[in-house]
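Here is a quick tour for someone meeting this structure for the first time. Have a look at the sequence and the 3D view, then read on.

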Amino acid sequence: MIVMKFGGTSVEDASAIRTVAEIVKGRAKKKPIVVLSACSGITNTLIRCAELAAAGKEKDAQSILKKDVVDRHFIIIQDLLNNLGHQDALIREINGFHDEISHLLYGISITGDLSPRVLDFVMSYGERMSTAIAATAMNENGVRAVLMDSRRLVQTNSSFGKAEPNMKDTAKRCEAHLLPLVEKGQVPVLQGFIGANERGVTTTLGRGGSDYSAAIIGTALNADDIEIWTDVDGILTADPKLVANAHRLKEMSFQEAAELAYFGAKVLHPSTLLPAIEKNIPVHILNSKKPQAGGTLIKSRIASSNIVVKSISYKRGITVLNISSARMLGSYGFMKKIFDTFSEHHTSVDLVTTSEVSVSLSIDYTPSLEALVADLEQYGRVQVQHNKAIMCIVGEKLRSEKGVAARVFGRLKDIPIDMISQGASEINITFVIDEDKVPHAVRELHDEFFSNVPAKSIFE
Ligand code: ADP
Ligand code: ASP
Ligand code: MG
């Protein structure tokens with residue numbers, strides 16, 4: 001049994017969904033379970049509608065909802081489905097969803113309150129619409145698809161907006177509800193990104209979370225393979241949006257890919273590999289627009305190679321906090337207090353560097369920066385730097401290779417570097433720069449490490 005996840009661009013319109021149906025049909029013997037994202041752009045549009053409603057612009061929100069969400073799905077239905085009965089049934093279903101979202105927007109505009117819990121509910125419609133349409137299309141194309149509701153399968157905690165699965169409950173539910181279908185030769189189709197807490201309230205796994213859904217379900221059922229179908233040929237040596245001639249990696253280790261995902265490579269949600277690693281399930285990254293492209297295989301053991309750096313990633317929108325205090329000098333317990341404060345504010349820290357009397361920490365997200373800073377100020381002077389980015393280079397060979405840091409920072413000698421971290425995992429070098437320097441830095445480093453890629457290497 002395999003899990004196949006298709007991202008937003010893979011279900012963006014009728015022709016993309018037709019291709020998905022073909023790809024799934026071609027894998028029928030492998031007993032696939034299909035996980036789908038919302039059609040590309042829909043999650044962003046739903047968020048925008050909710051935010052407009054909260055800002056008192058309900059009319060704008062409703063008109064965007066109709067034009068950019070509802071009508072877009074109607075067009076897909078009309079272009080995609082041959083059977084008029086199927087078309088009518090789906091149009092009725094989307095109209096029902098439209099009514100519900102419309103009422104939600106009205107409620108949000110009246111209260112002016114957009115809680116993470118309500119936002120999760122609003123966002124969930126994206127995946128619910130795409131899967132309803134795609135499951136019907138698959139049936140028309142000879143796949144025995146059965147639409148499922150992931151909220152009955154993926155059990156999470158109540159961290160709305162970034163929920164974590166309860167793997168035990170999820171496994172029980174997947175075994176009870178998915179395995180019998182798979183055994184009968186049917187193909188369950190489920191929503192990525194969404195789940196529900198123990199009281200059945202809708203949650204989401206964080207932006208880009210459909211990858212994580214696929215890994216959760218694959219791990220829960222001990223799948224043979226987890227396939228992530230997207231719009232690029234696999235994991236590349238850098239984001240192709242910044243480096244046009246980036247190379248595809250045929251193989252990566254779990255650790256390499258996990259570091260890349262954690263430090264921003266959007267091609268994989270950062271939590272995706274954790275469950276797969278636990279059960280040693282290989283993960284393939286594949287291109288739904290070019291199914292023959294070969295993709296990237298991520299697994300525990302990879303063939304050794306002489307390539308030192310495999311890929312470069314970046315994460316924008318980073319904030320750096322510098323805390324300085326003479327009290328740090330030679331004292332113990334200081335760091336604990338600082339980290340306790342981050343924990344109390346539900347804020348995870350990416351990079352840490354320390355000196356005699358100061359500590360710098362980088363964060364991606366905090367619910368309230370002012371409140372966090374106010375609490376940290378009891379320990380010293382706090383300086384906040386916005387608009388930063390984390391850059392990360394990854395490769396198993398960094399464990400043993402000398403002189404890589406010199407090449408990295410030599411090449412970037414014109415760019416101010418804020419924090420440097422090397423050695424934590426032994427396979428990455430990570431540092432912080434100004435956000436607006438990212439494209440330049442990525443291109444420079446790509447040129448440094450990949451301009452002389454040997455033929456017939458791990459790249460293509
Ligand atoms: P999906 O909607 O299929 O989940 P995403 O947009 O979330 O797709 O992820 C795919 C995108 O990730 C690519 O279009 C590419 O721009 C970006 N990306 C960033 N870093 C990398 C990388 N190292 N390799 C491949 N893609 C990358
Ligand atoms: N639709 C969700 C998002 O855009 C989840 C995903 O696509 O993976 O974040
Ligand atoms: Mg994604």
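Lys 31 counts as partly exposed, because its relative accessibility is 36%; buried means under 20% relative accessible area, exposed means over 50%, and partly exposed is in between, with a 1.4 Å probe and protein chains only. You'll find Lys 31 in the loop between α1 (14-26) and β2 (32-36). Helices (H or I, at least four residues) and strands (E, at least two) are DSSP runs, numbered from the N terminus. Lys 31 has a positive phi of about 60°, although it is not a glycine. Most residues other than glycine have a negative phi.

Asn 387 is another non-glycine residue with a positive phi, near 55°. This residue lies in strand β14 (residues 381-394), and Asn 387 is exposed, with a relative accessible area of 52%.

A word on the ground rules: this is a predicted model, where local features need pLDDT of at least 70, side-chain atom pairs count only at pLDDT 80 or more, and totals for chains, interfaces and linings use all residues. Residues are numbered from 1 along each chain as its sequence is written, chains are lettered from A and ligands numbered from 1 in the order in which they are written, and side-chain values use heavy atoms, with hydrogens and water left out.

**The two ligands**

Start with ligand 1. How many residues surround ligand 1? There are 17, and the closest are Thr 230, Asp 231, Asp 239, Lys 241 and Lys 266. A residue is near a molecule or strand if one of its heavy atoms lies within 4 Å of it. Sorted by class, the shell around ligand 1 has seven nonpolar, five polar and five charged residues. Here Ala, Val, Leu, Ile, Met, Phe, Trp, Tyr, Cys and Pro count as nonpolar, Asp, Glu, Lys and Arg as charged, and the others, Gly among them, as polar.

Ligand 2 is surrounded by Ser 37, Thr 43, Glu 127, Phe 193, Arg 207, Gly 208, Gly 209 and Ser 210. Its shell divides into one nonpolar, five polar and two charged residues.

Both ligands make polar contacts with the protein, and some are listed below. A polar contact is a pair of N or O atoms within 3.5 Å; within protein, one must be able to donate a hydrogen and the other to accept it, and residues adjacent in sequence count only if both atoms are side-chain atoms.

| Ligand atom | Protein partner | Distance |
|---|---|---|
| Ligand 1, oxygen | Lys 5, side chain | 3.0 Å |
| Ligand 1, nitrogen | Leu 236, backbone | 2.9 Å |
| Ligand 1, oxygen | Lys 241, side chain | 2.8 Å |
| Ligand 2, oxygen | Ser 37, side chain | 3.1 Å |
| Ligand 2, oxygen | Arg 207, side chain | 2.7 Å |
| Ligand 2, oxygen | Ser 210, backbone | 3.0 Å |

How much of each ligand gets covered? Taken alone, ligand 1 exposes 570 Å², and the protein buries 91% of that. Ligand 2 has 260 Å² of accessible area on its own, and the protein covers 86% of it. These areas come from the Shrake-Rupley method with a 1.4 Å probe; for residues, only the protein chains shown count as cover.

Lys 5, which touches ligand 1 through a polar contact, also has a partner within the protein: its side chain and that of Asp 211 are joined by a polar contact of 2.6 Å. Asp 211 is found in helix α8 (residues 210-220) and counts as buried, at 3% relative accessibility.

**A strand between two others** Strand β13 (residues 358-363) is largely enclosed by the rest of the structure, because five of its six residues are buried. Strand β11 (residues 311-324) runs antiparallel to β13, and six bridges join them; Ser 324 stands opposite Ser 358 in β13. Strand β12 (residues 349-354) also pairs with β13 in the antiparallel sense, over five bridges, and Thr 353 has Ser 360 of β13 as its bridge partner. Two strands pair if DSSP finds at least two bridges between them. A hairpin of three residues joins β12 to β13.

**Cysteines without a bond**

How many disulfides does the structure hold? Zero, where a disulfide is a pair of cysteine sulfur atoms within 2.5 Å. The sulfur of Cys 39 has its closest cysteine sulfur in Cys 49, and the 15 Å to it is too far for a bond. Cys 39 is buried, with a relative accessible area of 1%, and Cys 49 is buried with a value of 1%.
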